[in-house]
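Colleague: I am new to this structure and would like a close look at a single part, the surroundings of one buried charged side chain. Please take me through its partners and then outward to the other contacts between side chains.

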Amino acid sequence: MLLQRTIKQSISTKGVGLHSGRRVEITLRPAQPNTGIVFHRVDLPQVVDLPARADAVGDTRMASVLQQGAVRVSTVEHLMSALAGLGVDNLHVDLNAEEVPIMDGSAGTFVYLLRSAGLQEQAAPKRFIRVLKPVEVRDGDGPDAKWARLEPHNGFALSFAIDFHHPAINATANQAQVDFSQDSYVKTIARARTFGFAAEVEALRSMGLARGGSLDNAIVMDEYRVLNADGLRYDDEFVKHKILDAIGDLYLVGKPLVARYVAYKSGHDLNNRLVRALLAQQDAWEIIHYETADAAPAAFTRDWQLA
């Protein structure tokens, strides 16, 4: 039987919030089976728990933000992506500020932390949400439309296309596909960084966003080129980061998806709407588990240390 997974021991690190600019300490702690991923604001007079669920997302401007009343946990998508990529089902995440630290702008640091803590299988079956029929959400019409779709697929695969009118991005691949029956999350996706435009920084900061952004935690472009001295990590790093984000946003469904995700110019808002639309359409999905590794799709039977 495929089993649920948590980490063997607690591990902590410090960083800065991409949008808030505030210093933050994050601690990852093991959790019991069937706990799911739960964020805890430990800096408040009384600790507030925010389960990582799609219906708890209250803001999607430039990030996925969990919200309970006035209490927020922002920019959860990179950590959620790493958890999905390494197959972690149950985890407590303690934060002493409102935003998950951006680290280097990718999921790579979180993969390192999780591997350093060690992965631990638990005595409970790993449960999946299997998509039974297509579910799609759209913004706009015609050639300017943005859309995202989940389709039945015996495994987990993603296809994403972007369309930014910028020389540095147009010079790279604008479409990418990954199929985790054969592609490694760590090698193919995890190190792709978030990106932005220098000309937009002041406007974003006036909105309370990108206050912690820098060349250390994002790909930054002027009108023509990438400003980072070390260039790109992947030839298709821009679209790969959009896939990284989508994996994290989709994991807010609460369980690993057995599905194919296909999207064009999607972002956090459309991804969240897609997950909510799936859950609302009860005949479009079912919860399953696999009695043996042989019965499970190859995407979920890889050695997770090599994921």
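Modeller: Arg193 has a relative accessibility of 3%, and because buried means under 20%, this arginine counts as buried; the model in which this is seen is a predicted one. Its side chain meets that of Asp230 in a salt bridge, with 3.9 Å from N to O. Arg193 lies in the loop between α4 (185-188) and β16, while Asp230 lies in the loop between β17 (219-221) and α6 (237-250), so the pair ties together parts that are 37 residues apart in sequence. Asp230, in contrast to its buried partner, is exposed, with a relative accessible area of 57%.

Arg193 also forms a salt bridge with the side chain of Glu237, at 2.8 Å from N to O. This second pair again links distant parts of the chain, for Arg193 sits in the loop between α4 and β16 and Glu237 in helix α6, 44 residues apart. Here both residues, Arg193 and Glu237, are buried. Side chains of opposite charge can pair when their charged atoms come close.

The structure as a whole holds 20 salt bridges, and one of them stays within a single helix. Arg273 pairs with Asp269, the closest N and O atoms being 3.6 Å apart, and because the two residues are four apart in helix α7, about one helical turn separates them. Arg273 is partly exposed at 30% relative accessibility, and Asp269 is likewise partly exposed, with a relative accessible area of 33%. Elsewhere, salt bridges that share partners join Glu136, Arg138, Arg149, Glu151 and Arg260 into one network.

Strand β16, which follows the loop that holds Arg193, leads on to the aromatic side chains. A search of the whole structure finds eight aromatic pairs. In one of them, the ring centres of Phe128 and Tyr290 are 5.1 Å apart and the planes stand at 70°, so the pair is edge-to-face. Phe128 belongs to strand β11 (residues 128-131) and Tyr290 to the segment after β19 (285-288), so that distant parts of the chain, 162 residues apart, are linked. Phe128 is buried, with a relative accessible area of 0%, and Tyr290 also counts as buried, at 6% relative accessibility.

Phe164 and Phe195 make another edge-to-face pair, with 5.5 Å from centre to centre and 80° between the planes. Phe164 lies in the loop between β14 (156-161) and α3 (167-170), whereas Phe195 lies in strand β16 (residues 195-197), so this contact ties together parts 31 residues apart in sequence. The two partners differ in exposure: Phe164 is partly exposed, with a relative accessible area of 26%, whereas Phe195 is buried, with 15%. Together with Phe197 and Phe238, these two phenylalanines form one aromatic cluster. A charged side chain also meets a ring, since Lys240 lies over the face of Tyr234, at 5.0 Å from the ring centre.

Helix α7, the site of the Arg273 and Asp269 pair, also has a part in the second largest pocket, where about 450 Å³ of space lies. Of the 24 residues that line this pocket, the closest to its centre are Gly36, Ile37, Val253, Gly254 and Lys255. Both β4 (37-41) and α7 (268-280) supply at least two residues each to the lining, whose residues divide into twelve nonpolar, six polar and six charged.

Definitions and conventions. Residues numbered from 1 in each chain as written. Heavy atoms only, no water. 1 Å grid on protein atoms, 1.4 Å probe; cavity = no way out; pocket = protein on both sides within 12 Å on 5 of 7 lines; lining within 4 Å. Points joined across faces, edges and corners; volume = space filled by probe spheres on them. Nonpolar A, V, L, I, M, F, W, Y, C, P; charged D, E, K, R; others polar. Phe/Tyr/Trp six-rings, centres within 6.5 Å; stacked < 30°, edge-to-face > 60°. Buried < 20%, exposed > 50% of the residue type's maximum accessible area, 1.4 Å probe, protein only. Lys NZ or Arg CZ within 6 Å of the ring centre and 35° of its normal. Salt bridge = Lys/Arg side-chain N within 4 Å of Asp/Glu carboxyl O.
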